[in-house]
Amino acid sequence: MSQNYIEQTKVILKNLVSYPSISSDSNLDIIHYIATLLKECGADIILFKDKTQKKANLFATMGPKGNNGYVLSGHTDVVPVLDQKWSTDPFKMKESDGKLYGRGTCDMKGFIAACICLAQNIDVTKLHTPLHFCFTYDEETGCLGAKELVQELKKNHIKPYITIVGEPTEMRAIEGHKGCYSYKSCFKGLAGHASNPYKGVNAVEYAIRYAHKLLEMREELKKRTPPSSKFFPCETTLNIGEFSGGTAHNVIPTLAELVWEIRPVQITDANYVKQQMEDFCNDELIPEMRKVHHGSDIITHIISEIDGLIPVPNNKAVKLIQQLTGKNSTDLVAFGTEAGLFQSLPSSVVVCGPGSIEQAHKADEFIHIEQLAQCLDMLHKVGEKLTTP
């Protein structure tokens with residue numbers, strides 16, 4: 001890959017890192033910076049803002065209109081640096097020993113910088129296939145931006161042929177990952193003195209019964225494992241991550257909360273668990289609670305529902321990456337991405353990008369310059385494919 005392209009990408013990445021686009025804050029500054037660069041390259045820009053008007057997804061198109069396009073996708077948000085011990089300013093990129101340090105260099109502003117470099121060096125007049133860029137908000141907090149963006153694409157009947165999600169995979173072609181569905185179940189009972197438990201509704205006890213049912217579901221999920229599952233563990237997993245409730249040993253607790261998640265290998269597993277838990281509450285727990293106190297209730301809130309990327313035979317996006325990189329292998333990963341959302345458009349999707357997930361979210365996050373070079377080489381070949389008659 002041309003050293004000029006590498007230096008060009010490093011400058012873009014330095015600027016991207018300087019925008020502290022933490023998920024809890026607005027991403028408009030970094031989105032406007034990216035939009036300006038892409039517009040200068042001849043791209044048509046659409047911004048989709050969220051309800052607060054403080055965050056936006058960017059959808060840009062170069063070349064002709066149509067549904068046979070290629071999408072290059074990444075998220076603009078990063079995780080916080082609070083309580084992390086950085087050796088340097090996390091929002092001022094530093095180069096040392098062939099590495100670029102800074103928050104987001106690996107996850108995943110490095111890929112975004114490489115995409116912009118491609119846009120700046122492609123002849124837009126020769127594009128015979130649409131080239132789209134999708135850059136989203138709030139991936140780190142549940143793929144919230146991508147969910148909204150994909151709905152907008154569906155409304156506009158945009159169905160790209162190929163989608164490349166550039167999460168850090170060390171430039172490996174990733175054909176699948178599990179989904180991640182997380183929930184908070186809140187239990188409301190009736191307080192009272194522990195000396196007479198029959199006059200109160202013990203929210204903690206009902207939360208424990210709910211948790212026990214979840215553990216039963218975990219065993220049921222093992223029996224539902226598809227014979228063809230390539231994941232490890234091969235079944236849908238279920239975890240209870242947080243539990244809270246109660247104030248003292250002699251007080252019947254009014255409130256309790258349970259936070260839990262499912263990582264499904266198939267969407268039917270997630271639907272099965274949700275329906276079983278809803279029926280358990282409506283048929284057993286809530287009627288028992290309301291015999292004592294009509295105001296008792298169990299309400300489950302969705303924290304996030306991130307679709308998995310389902311491995312499919314003859315994945316055209318995977319085959320493209322194999323062709324461009326010269327690698328025949330494919331892998332699965334444990335971490336979640338926005339890929340499953342794009343797969344629902346429908347689109348043929350692969351996850352492939354520079355850097356290692358081992359560096360993501362950590363203090364002194366970095367990306368190897370060599371990884372950026374490999375990414376640029378791959379994207380350059382994508383550009384050649386879309387501009388060659």
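The paragraphs below lead from the overall dimensions of this predicted model to its largest pocket, one helix and three individual residues.

The protein has 389 residues, and 52% of them count as buried. Its secondary structure consists of nine helices and 17 strands. Measured out along the principal axes, the C-alpha atoms fill a box of roughly 80 × 45 × 35 Å. Contacts across long stretches of sequence are prominent in the count: among contacts with a separation of 6 or more, 82% join residues 24 or more positions apart. The accessible surface comes to about 17700 Å², and carbon and sulfur atoms hold 51% of that area.

The largest pocket encloses about 370 Å³ of space. Its lining is made up of 18 residues, and those nearest the centre are Glu 139, Glu 140, Ile 306, Gly 336 and His 361. Three strands each supply at least two lining residues: S9 (180-188), S13 (255-263) and S14 (297-306). Of the contributors, S14 gives the most, with three residues. By class, the lining is divided into six nonpolar, six polar and six charged residues.

Helix H7, which spans residues 316-325, offers a view of the interior. Its buried residues are Ala 317, Val 318, Leu 320, Ile 321, Gln 322 and Leu 324. In an α-helix there are 3.6 residues a turn, so residues three or four places apart point the same way. Within H7, Ala 317, Leu 320, Ile 321 and Leu 324 are among the residues that are buried. The cover over the buried residues of H7 includes strands S3 (70-75), S7 (162-165), S8 (174-177) and S16 (348-351), together with helix H9 (369-387). The two ends of H7 also have local features. At its start, a side-chain oxygen of Asn 315 comes to within 2.9 Å of the backbone nitrogen of Ala 317. Just after the helix, Gly 326 adopts a positive phi of about 80°.

Two further asparagines, each in a loop that precedes a helix, can be examined in turn. Asn 27 is located in the loop between helix H1 (3-18) and helix H2 (28-40). Is this residue buried or exposed? Asn 27 counts as buried because its relative accessibility is 2%, and the cut-off for burial is under 20%. A polar atom of the Asn 27 side chain lies 2.9 Å from the backbone nitrogen of Ala 56. Leaving aside residues up to four places away in sequence, Asn 27 touches Lys 54, Lys 55, Ala 56, Thr 76, Thr 136 and Tyr 137.

Asn 202 occupies the loop between strand S10 (192-193) and helix H5 (203-223). With a relative accessible area of 16%, Asn 202 is buried. A polar atom of its side chain is 3.0 Å from the backbone nitrogen of Glu 205. Beyond residues up to four places away in sequence, Asn 202 touches Ile 252 and Pro 253.

The last residue, Ile 46, belongs to strand S1 (residues 44-49). Ile 46 is partly exposed because its relative accessibility of 40% falls between the limits of 20% and 50%. When residues up to four places away in sequence are not counted, Ile 46 touches Asn 57, Leu 58 and Phe 59. Thr 61 is 15 residues from Ile 46 along the chain, and their C-alpha atoms are separated by 8.7 Å.

Terms used: Residues are numbered from 1 along each chain as its sequence is written. This is a predicted model: local features need pLDDT of at least 70, side-chain atom pairs count only at pLDDT 80 or more; totals for chains, interfaces and linings use all residues. Side-chain values use heavy atoms; hydrogens and water are left out. On a 1 Å grid over the protein atoms alone, a cavity is a set of points where a 1.4 Å probe fits but cannot get out, and a pocket is an open set with protein on both sides within 12 Å along at least five of seven lines; lining residues have an atom within 4 Å of a point. Grid points are joined across faces, edges and corners, and a volume is the space filled by probe spheres set on the points. Helices (H or I, at least four residues) and strands (E, at least two) are DSSP runs, numbered from the N terminus. Ala, Val, Leu, Ile, Met, Phe, Trp, Tyr, Cys and Pro count as nonpolar, Asp, Glu, Lys and Arg as charged, and the others, Gly among them, as polar. Buried means under 20% relative accessible area, exposed over 50%, partly exposed in between (1.4 Å probe, protein chains only). Contact means heavy atoms within 4.5 Å. A polar contact is a pair of N or O atoms within 3.5 Å; within protein, one must be able to donate a hydrogen and the other to accept it, and residues adjacent in sequence count only if both atoms are side-chain atoms. Accessible areas come from the Shrake-Rupley method with a 1.4 Å probe; for residues, only the protein chains shown count as cover.
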